[in-house]
2 protein chains.
Amino acid sequence: MHLVVDGFGGDPQLLADEATVRTMLEEYPLRLGMSIIHPPAVVRYEGPVPEDWGYSGFVMIAESHIAVHTFPARGMVWVDVFSCRPFSPEAVLEDLKARFRLKELRVQELPRGLEYVTVSGTLREGRP
Amino acid sequence: MHLVVDGFGGDPQLLADEATVRTMLEEYPLRLGMSIIHPPAVVRYEGPVPEDWGYSGFVMIAESHIAVHTFPARGMVWVDVFSCRPFSPEAVLEDLKARFRLKELRVQELPRGLEYVTVSGTLREGRP
């Protein structure tokens, strides 16, 4: 499943804290039982629009990834949690809300990575 | 916009070619007018299910990202092209089809990153 979350009304200080972003990327794979294949990378972004500054981070896990982009001046965060393994969206959403003190979440659950192609070419639901 | 593409029936040799994956991550930001904030990272994955092996890659661009996961033994690829800037999904889909010789694409266009919050807290459509 690929969980896409846009969060609004968050705490600017938490969204501006690199450690908070990094800790999230370190903790999520463990909590969700995913194997890290590339360690978390976190980058500070500043662009032509000053209010767009923030931290962007990602961690690659077996066959999928987790990504986060914060916008402290806007109280916003964009998060992707994409995994081939099933996981509870509710637990992730609760955690995100608490971690950045978000007031509103816009959530999309994409039923992705839940089907696969056998080596003979047949499309199947579920995991091998 | 966040373009989510699951491709099927691709060429196993191209999907198994690290350079093809890396080149894609190098070319896309340039073509789509996005600024790279973390250079492409490409990792080979091998797990408990031998047919799941492949390359996973990621590039962070201003406020968003591009990700790719290939499954050569399954002829499959998962791609995310997420940008705050508008871009033509058609051009990306044509390129992906040709790059990996994909027979079938499952495409989802998420209208994400096209709204923003002003510093006073109002949610607006479009970009500042």
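What rotation superposes chain B on chain A, and with how much shift along its axis? In this predicted model, the answer is a turn of 180° with 0.0 Å of shift, which leaves an RMSD of 0.0 Å. The two copies are thus related as by a two-fold rotation axis. On the chain B side, the residue that comes closest to that axis is Phe58(B), with its C-alpha at 4.1 Å. The contact itself fits the picture: 100% of the interface residues of chain B are also interface residues in chain A, so the copies meet through the same surface.

Within chain A, strand β4 (residues 64-71) is a good place to start. Eight of its eight residues are buried, so β4(A) is largely enclosed by the rest of the structure. In a regular strand the side chains alternate between the two faces of the sheet. Here, Ser64(A), Ile66(A), Val68(A) and Thr70(A) point one way, while His65(A), Ala67(A), His69(A) and Phe71(A) point the other way, and all are buried.

β4(A) has a partner in β3 (residues 54-61), to which six bridges join it in an antiparallel arrangement. Across this pairing, Ser56(A) sits opposite His69(A). The two strands make up a hairpin with two residues between them, and Glu63(A) in the turn takes a positive phi of about 70°. β5(A) is another antiparallel partner of β4(A), this time through seven bridges. His69(A) turns up again here, standing opposite Trp78(A) in β5(A). This pair is a hairpin too, with four residues between the strands, and the positive phi in its turn, about 65°, belongs to Gly75(A).

Then there is helix α3 (residues 89-100) of chain A. At 1.5 Å a residue its twelve residues should span 16 Å, and the end C-alpha atoms are 17 Å apart, which agrees. Which residues of α3(A) are buried? They are Leu96(A), Arg99(A) and Phe100(A). These three cover an arc of only 70° around the axis, which puts them on the same side of α3(A). The face turned away from that buried side carries the exposed residues Glu90(A), Ala91(A), Glu94(A) and Ala98(A). As for what covers the buried residues, the list includes β1 (2-8), α1 (12-15), α2 (18-31) and β5 (76-82) of chain A. Right after the helix comes Arg101(A), with a positive phi near 50°.

Note on methods: Residues numbered from 1 in each chain as written. Chains lettered and ligands numbered in written order. Predicted model: local features only at pLDDT ≥ 70, side-chain atom pairs only at ≥ 80, totals over all residues. Least-squares fit on C-alpha atoms with pLDDT ≥ 70 in both. Contact = placed C-beta atoms within 7 Å. Expected span 1.5 Å × (residues − 1). Buried ≥ 20, exposed ≤ 12 C-beta atoms within 10 Å, placed from the backbone. Arc of directions from axis to C-beta. Pairing = 2+ DSSP bridges.
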